[in-house]
Amino acid sequence: MIEVKDLTKVFRKPIRGSGLSGMVKTLFSRKYEEVRAVDGISFTVPDGEIVGYIGPNGAGKSTTIKMMCGILTPTSGSILIDGTEPCRKRQQVAQHIGVVFGQKTQLWWDIPLIESFKVLKEIYQIPDADYRERMAFLGEVLDITRFLSQPVRTLSLGERMRADLAASMIHNPRILFLDEPTIGMDVLVKEKIRLAIHALNRTYGTTVVLTTHDMTDIEDLCSRIILLEKGKIIYDGPLTDLKKRFGNIKTLTLTVPAEVHAGTAPVLSPEVAVSEEDGRLVLRFDADRIPLEQVVQYAFRDLRAMDMKIAEISIGDVVKTILEQQEAEHAEKV
Amino acid sequence: MRYVHLYFTCIKRSMISRLEYKKDTIVALFSFFFSNLCSLAAIYFILQSIPALAGYSLAEVGFFYGFSMLPISLDHLFSDEFWLVAYRRVQNGDMDMHFLRPVPVMFQVFAETFQPEGFGEMILGVALIIVCASNLTVTVSFGSIAVLTVGAVFGAVIITSFKVALSALAFIFKRSGPLLQIIYNFSNYAKYPLAIYPAVIRMLLIFVLPFGLFISLPVDTLLHGTHDPWLLCLAIILCAAVFFALAVRIWTFCERRYESTGS
Amino acid sequence: MLKKYKPFLRAGAMDTMAYRFNILVWAVITVCQVACLVFLWLAVYRSSEGGIDAVIHGFTYREMISYVVLTTVFGFVTFNNDTLWNINTDIKKGTIGNYLIKPISYRGKFAATSLGSLLMMTLMFGVPLYTAALAVLGSLGFLPDLTFPAFFAHLALFLLSGLCASLLNDTIAYIFGVLCFYTSSGWGLNSLKETLVAFLSGTLLPLAFFPAGLREAVSIMPFAGMSQNPILILMMKYDLAESLRAVALTAAWIVALELFAKLLFSHAIRKVTVQGG
């Protein structure tokens with residue numbers, strides 16, 4: 001269980017002058033500007049949930065994760081990991097959490113992978129039987145057995161990430177923090193990683209908090225998402241609700257004769273937005289307000305569609321729309 | 001007990017890493033002998049042009065040099081990783097890893113590296129001591145053996161304490177390598193008899209950066225019986241205790257203020 | 001043409017600025033270190049047969065102290081160089097591949113960074129430190145008269161030889177960095193380089209103290225140009241002809257070693273595939 005309350009992190013960054021003269025000035029006097037990386041956020045993650053922690057770059061995702069791990073101290077507010085404050089009792093919390101920072105490995109670079117696991121076994125005091133069981137489980141779901149005897153520096157990016165994930169799970173943590181675990185991976189590796197996270201969650205009831213820019217990760221894994229922007233939570237809830245907030249939005253992508261264009265095409269109703277993408281027409285509408293059937297008829301009859309694809313709005317579009325709305329609101333305020 | 005076991009597991013890991021770089025280890029060993037050869041050559045060249053250095057013969061100056069290698073090599077064996085902490089690990093974010101593990105950070109840093117080069121240094125030091133001593137008339141007593149042993153072992157504790165305390169500053173300032181380097185370099189000055197320095201510097205090397213206390217004074221005691229060996233033993237042990245306690249306090253203080261870099 | 005290296009030049013200067021705390025501490029404590037060395041030399045001269053005013057291997061104690069002080073300032077300002085470590089890191093982390101595909105030369109990047117660092121160090125620390133050292137040593141009578149037309153020529157040659165020394169240091173660091181391809185790690189190579197340079201450049205001890213045979217051999221090597229020669233030029237121990245010869249020798253060595261570095265790199269780079277990326 002993770003309880004976060006009114007969490008704020010303010011970084012003091014020295015204001016650097018630009019150019020050489022600015023640098024010389026910095027040498028003698030230094031001014032700081034305050035950056036509120038995380039700004040008064042609160043949420044609770046119950047045991048066994050997989051939460052997607054998403055938002056644009058610089059929204060404060062990694063900062064929050066680092067505070068939850070105890071390697072950054074909150075400016076104000078509190079974090080409790082199973083009732084313990086991570087920055088006060090870091091060592092105690094460390095026993096029960098696993099962390100992967102996608103950009104950095106925690107494995108020893110020069111030695112065969114298996115040796116890293118042997119050291120981790122001692123660090124986390126894993127009993128022999130548990131260790132064997134975990135290695136078997138992780139070997140299977142992450143498919144790492146094949147390269148256990150290779151030094152980490154010889155592994156491919158995908159292999160290394162799987163090895164890193166395994167290393168973060170070896171001590172059966174109750175909570176797993178994954179900061180961009182699929183960054184830079186190919187589709188097959190992503191798939192493998194998602195399956196492994198699912199398997200871990202089902203088998204051991206591990207709580208998972210993950211940040212990602214890949215919306216497929218979110219749709220595959222997360223029952224709940226927390227959407228962060230400029231250090232503030234702008235949405236926290238189930239994925240389905242987020243979609244519903246936008247109504248039952250569907251898109252029809254039509255292949256139409258060359259002379260049919262978005263601007264000149266006959267209009268069915270103001271409910272249906274018509275746009276053109278790559279020579280195809282895209283119709284967007286809320287199926288709760290205007291029946292799908294009617295739109296499909298309109299497409300074939302009035303727009304002379306030759307082919308058609310029906311899709312629900314993707315979570316990526318939803319997030320994009322929310323962030324755009326936020327941006328617009330900010331702009332208005334200013 | 002758990003930590004003893006864990007230490008050996010980590011050390012084994014460190015040795016496996018070293019074996020991955022056999023060639024580098026050989027180069028390191030070569031450069032280490034070469035470096036000492038250069039320093040000894042410099043001393044030799046200087047002493048060639050004068051009859052004696054402040055009353056100390058070439059063999060005596062060589063003895064100082066050889067003995068200084070013992071505490072330095074002992075420290076070298078166990079605490080080499082602190083250099084990396086001071087110079088780059090905090091700055092490049094590699095330190096986070098240690099803060100995410102359920103083991104004290106200082107222990108992890110000690111357990112990260114074991115430098116077998118230290119043995120080479122120790123052997124060279126002992127060899128130099130033997131060569132120089134055979135050209136000298138020294139009366140070996142129980143007390144002088146004791147003071148040399150205490151000087152070597154507790155001297156190593158004092159050097160390690162400096163490394164712990166100063167590398168901990170990197171937790172706050174991100175990089176403290178140069179500072180550590182300079183303090184550490186003062187050990188070079190204890191390679192010569194204290195007599196060549198004016199009183200202020202002698203005091204500095206005994207009371208502030210006590211390299212002279214555990215290197216020069218024990219050797220002086222052996223060669224010229226300048227001090228009561230048992231009193232000197234006591235002083236060195238007390239000094240080591242104070243420095244180590246202080247180093248641990250500073251480390252704990254700085255560790256609590258550690259913040260991961262970037263966001 | 002050189003414009004694309006400007007960011008690295010800037011980065012080198014910026015990095016140097018960023019750690020002003022370390023640099024200031026370094027400077028302060030270096031003074032203590034120099035003091036210790038000065039006392040060592042004073043003891044040496046006092047213990048000599050001719051007493052304190054003896055001339056040992058062409059140096060009076062005043063000149064020797066000036067030499068020690070100026071060598072220290074010189075080393076501090078000139079040898080601020082991370083080239084070897086950066087190459088080592090690039091090799092170990094496999095990031096070297098990223099640079100090989102960029103339209104800049106790997107060598108040029110490091111030269112620009114080091115040059116940026118040198119410029120910043122010279123402006124920030126070199127100017128005040130050299131001025132202070134020359135003023136103090138001059139007023140104590142430790143240096144010959146710094147009368148202007150003559151000294152001006154020496155100063156110009158000193159700056160030129162300092163630039164050469166810094167470039168040569170970077171070249172040597174680069175060569176040792178590239179040798180990391182063969183040893184897979186830079187620890188040993190770094191300490192070998194440091195030792196080699198400290199001993200053979202006269203930083204540890206002026207080369208005049210070396211026995212004749214060794215001295216002859218070292219004087220045609222590149223190392224003296226990295227520390228001893230610039231300092232002796234500044235102290236006017238070299239006349240203009242000797243100074244010019246020393247600078248020319250260093251410059252020739254830079255060219256020769258750069259060529260060697262180029263050959264070495266193209267040989268070493270074939271090992272990248274072995275290391276994996």
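**View 1. Four strands of chain A form an open sheet in this predicted model.** The strand order is β11-β12-β10-β13, and the pairing is antiparallel. β11 (273-277) and β13 (307-312) of chain A stand at the edges. Each has a single partner strand, so one side of each is left without a neighbour in the sheet. Neighbouring strands are turned by 25° against each other on average, direction ignored.

**View 2. Strand β10 of chain A pairs with β13(A).** β10 covers residues 249-255 and joins β13(A) in the antiparallel sense. Six bridges link the two strands. One pair to look for is A:T255 with its bridge partner A:D307 in β13(A). Helix α10 (residues 292-301) of chain A lies across β10, β12 (280-286) and β13 of chain A. The helix runs at about 15° to β10(A).

**View 3. Chain A is assigned two domains.** Domain 1 takes in 2-8 + 41-242. Domain 2 spans 247-312. The centres of domain 1 of chain A and domain 2 of chain A, taken over C-alpha atoms, are separated by 42 Å.

**View 4. An open sheet of six strands in chain A has mixed pairing.** Its order is β5-β6-β7-β3-β8-β9. At the edges stand β5 (97-101) and β9 (232-238) of chain A. One side of each is left without a neighbour in the sheet, because each has a single partner strand. On average, neighbouring strands are turned by 15° against each other, direction ignored.

**View 5. Strands β6 and β7 of chain A run parallel.** β6 holds residues 175-179 and β7 holds residues 207-211. Five bridges pair them. Here A:F177 stands opposite A:V209 in β7(A). Helix α6 (residues 157-169) of chain A packs on the sheet and touches β5 and β6 of chain A. Its direction makes about 160° with that of β5(A).

**View 6. Strand β8 of chain A is largely enclosed by the rest of the structure.** The reason is burial: six of the six residues of β8 (residues 224-229) are buried. Both faces of the strand are covered. A:R224, A:I226 and A:L228 are buried on one side. On the other side, A:I225, A:L227 and A:E229 are buried too.

**View 7. β8(A) has β3 and β9 of chain A as partners.** Four bridges join β8(A) to strand β3 (residues 50-54) of chain A, and these two run parallel. Six bridges join β8(A) to β9(A), and this pair runs antiparallel. A:L227 takes part in both pairings: A:L227 is the bridge partner of A:I54, and A:Y235 in β9(A) is the bridge partner of A:L227. β8(A) and β9(A) form a hairpin with two residues between them. In the turn, A:K230 has a positive phi of about 50°.

**View 8. The largest nonpolar core has 218 residues.** A:A166, A:F177, B:I158, B:I236 and C:L70 have the most contacts inside this core. The largest share of the core comes from α7(C), with 15 residues. Apart from it lies another core, of 10 residues. Among them are A:L252, A:L281, A:F285 and A:Y298.

**View 9. B:I236 has contacts beyond its sequence neighbours.** Neighbours within four places in sequence are left aside here. B:I236 is then in contact with B:V150, B:G151, B:F154, B:L213 and B:F214.

**View 10. Chain C meets chain B.** In this contact, 33 residues of chain C face 32 residues of chain B. α2 (20-47), α7 (148-183) and α8 (187-200) of chain C each supply at least two residues of the side of chain C that touches chain B. α2(C) gives the most, with 13 residues. By class, this side of chain C has 20 nonpolar, 12 polar and one charged residues.

**View 11. Chain B meets chain A.** The contact takes 20 residues from chain B and 27 residues from chain A. On the side of chain B that touches chain A, α1 (2-20) and α5 (96-99) of chain B each supply at least two residues. α1(B) gives the most, with eight residues. By class, this side of chain B has nine nonpolar, six polar and five charged residues.

**View 12. C:K92 is found in helix α4 of chain C.** The helix covers residues 83-93. C:K92 counts as partly exposed because 18 C-beta neighbours lie inside 10 Å. The C-alpha atoms of C:K92 and C:L179 are separated by 13 Å. Along the chain, the two are 87 residues apart.

Note on methods: Residues are numbered from 1 along each chain as its sequence is written. Chains are lettered from A and ligands numbered from 1 in the order in which they are written. This is a predicted model: local features need pLDDT of at least 70, side-chain atom pairs count only at pLDDT 80 or more; totals for chains, interfaces and linings use all residues. Two residues are in contact if their C-beta atoms, placed from the backbone, lie within 7 Å. Ala, Val, Leu, Ile, Met, Phe, Trp, Tyr, Cys and Pro count as nonpolar, Asp, Glu, Lys and Arg as charged, and the others, Gly among them, as polar. A nonpolar core is a set of buried Ala, Val, Leu, Ile, Met, Phe, Trp, Tyr and Cys residues joined through C-beta atoms within 7 Å. A residue is buried if 20 or more other C-beta atoms lie within 10 Å of its own, exposed if 12 or fewer, and partly exposed in between; C-beta atoms are placed from the backbone. Domain bounds come from an automatic or database domain assignment. Two strands pair if DSSP finds at least two bridges between them. Axes are lines fitted to C-alpha atoms, for helices over the stretch in contact, and angles run from 0 to 180 degrees between N-to-C directions.
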